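Student: I am new to this structure and should like to understand the terms used for it. May we work through them one at a time?

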Amino acid sequence: FGSSSVQPQPGLHLVANRPAMARPHVAAALAVRALLALVTGAAAKRVPGASSSLTSLLQVSLQAGRIGPDISLLLQDHRCNCSTVFVTNFFTTREDPQWRIAQAPRFGYIEKYYKSVMSLPGAKAKAIILYDALPEDLVSNFTAADGTVTFLKVNISKIDPYAQVGLNDLRFQAFAALLEEHPEWDTVFFTDISDVTVHHNPCALVEQNSTKLFVGSEASDLKRNGWLSKRFIEQMGGLYRRWYLDQPYDRFRVLNAGIVGGKRPVVAEFLKKLNKVLLDPSIADRRAGHVVKCNMPALNYVIDHEYSPSDIVTGVPLHSRFKGYQTGTDVYFTHK
C-alpha cells in the first residue's frame with residue numbers, strides 16, 4: 001500500500017501516515033463546554049429563553065468546528081442508530097506468544113479495555129470476551145447486567161488439539177466460528193485486549209464505508225520491520241518468503257492484526273481468506289513441527305493479494321499511532 005496511490009476521503013486516512021496530534025484547543029473547548037452548561041442552567045432560572053439561546057450558541061460552535069473532533073465523536077456516539085459488537089480474547093492455558101508466558105487469569109490484564117467499553121454511551125456497543133479457563137468469580141463479577149460486556153468460554157483444544165498454533169493465530173479461527181453463529185450482527189470488530197482501548201462506537205464510520213475492511217497499522221515499512229522479516233523468511237518460507245523478498249522498500253506500511261473490523265459480510269470474507277493462509281500446510285514452521293505463529297505476516301500477505309488500497313481503511317481517525325501511547329479521544333481506538 002503506497003500512500004501516494006491512495007486518495008483519502010475527507011476526515012479519513014486509508015493509510016496511516018501521521019499520528020493523531022495533540023490539539024491544544026481541546027482542553028479549552030471542554031472548559032468552555034462545562035462553563036456553558038453551568039451558565040445555561042443558571043440563566044434559565046432567571047431569564048426565560050436564555051437557556052435555549054446559549055444552547056444555540058454552543059451548537060453554532062460545534063458546527064463551526066471550534067471544539068475539536070473528540071467532542072464531535074462523542075456527539076456521534078449519542079445520536080448513532082447503528083450498533084457494534086467488539087470481540088476479543090483472554091486465553092490463559094497456553095503461552096502468550098508476545099510475552100512467552102501463560103497469562104495469569106487476573107482482571108488487571110484486561111482492565112483498561114474493559115473500562116473503555118463500559119464507558120461507551122448508550123446500549124449500542126457491546127463486547128464479548130472469549131476465554132478458556134478464567135475463574136468463575138472473575139467471569140461473574142465482571143459480566144455486565146445489561147450485556148455491555150459478557151464472557152464466552154471456548155474450548156481451544158477442540159480448535160487446536162495438539163497445540164500446533166499460537167494463540168494469536170488460533171483466535172481468528174474462534175472469531176470466525178463465532179461470527180458464523182451470529183448473522184444478525186451488523187458492525188463487528190476483533191481486537192487485542194491488553195493494549196487496545198475503545199473510545200467511541202465505530203459503526204457510524206463503518207456506515208460511511210460499508211464495503212471496506214478496517215485494519216490497524218504501524219508507522220514502520222514492511223521491508224524495514226525486522227520482526228516481520230524473520231517471520232516471512234524463516235517461519236513461513238515458501239511462496240510467502242518469495243513474495244516478501246520481491247517487495248520493494250517503502251512499498252507500504254505494516255498492517256496490524258490487533259484491530260480488524262467492518263460490516264459483518266466484509267469481515268467474514270476476510271477471516272475466511274486469512275484462516276486459509278494460517279492453516280496452510282506448506283508453512284515452514286508447520287512442516288518442521290514447530291508451533292505456527294504467523295497472524296501478522298499472514299494478514300499483510302492476504303490484504304496485498306486479495307484487496308486493493310481503496311478497500312482498506314486504517315490510521316486516523318480509526319486508531320491512534322501504534323505505540324504512540326496517546327491519551328486523546330479523537331480516535332475510535334488507541335493501540336498502545
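Tutor: Let us begin with strand S4, residues 125–131, in this predicted model. Six of its seven residues are buried, so the strand is largely enclosed by the rest of the structure.

Student: What makes a residue of S4 count as buried?

Tutor: The term requires under 20% relative accessible area. Six of the seven residues in S4 meet that condition. Across the protein, 51% of the 336 residues count as buried.

Student: Why are S1 and S4 called paired strands?

Tutor: Pairing requires at least two bridges, and strand S1 (residues 84–90) shares seven with S4, so the two are paired. Their sense is parallel, and Thr-88 stands opposite Ile-129 in S4.

Student: What makes S4 and S5 a pair?

Tutor: Five bridges join S4 to strand S5 (residues 149–153), so the requirement of at least two is met. These strands also run parallel, and Leu-130 has Leu-152 in S5 as its bridge partner.

Student: Why is the crossover from S4 to S5 called right-handed?

Tutor: The chain passes from S4 through helix H5 (residues 136–142) to S5. With the strands pointing away from the viewer, a right-handed path runs clockwise, and this β-α-β crossover is right-handed.

Student: Which residues have the most contacts inside the largest nonpolar core?

Tutor: That core has 50 residues, and Leu-130 is among those with the most contacts inside it, as are Val-87 and Leu-299. A second, separate core of 31 residues includes Ile-129 and Val-149.

Methods
Residues are numbered from 1 along each chain as its sequence is written. This is a predicted model: local features need pLDDT of at least 70, side-chain atom pairs count only at pLDDT 80 or more; totals for chains, interfaces and linings use all residues. Side-chain values use heavy atoms; hydrogens and water are left out. Buried means under 20% relative accessible area, exposed over 50%, partly exposed in between (1.4 Å probe, protein chains only). A nonpolar core is a set of buried Ala, Val, Leu, Ile, Met, Phe, Trp, Tyr and Cys residues joined through side-chain atoms within 4.5 Å. Helices (H or I, at least four residues) and strands (E, at least two) are DSSP runs, numbered from the N terminus.
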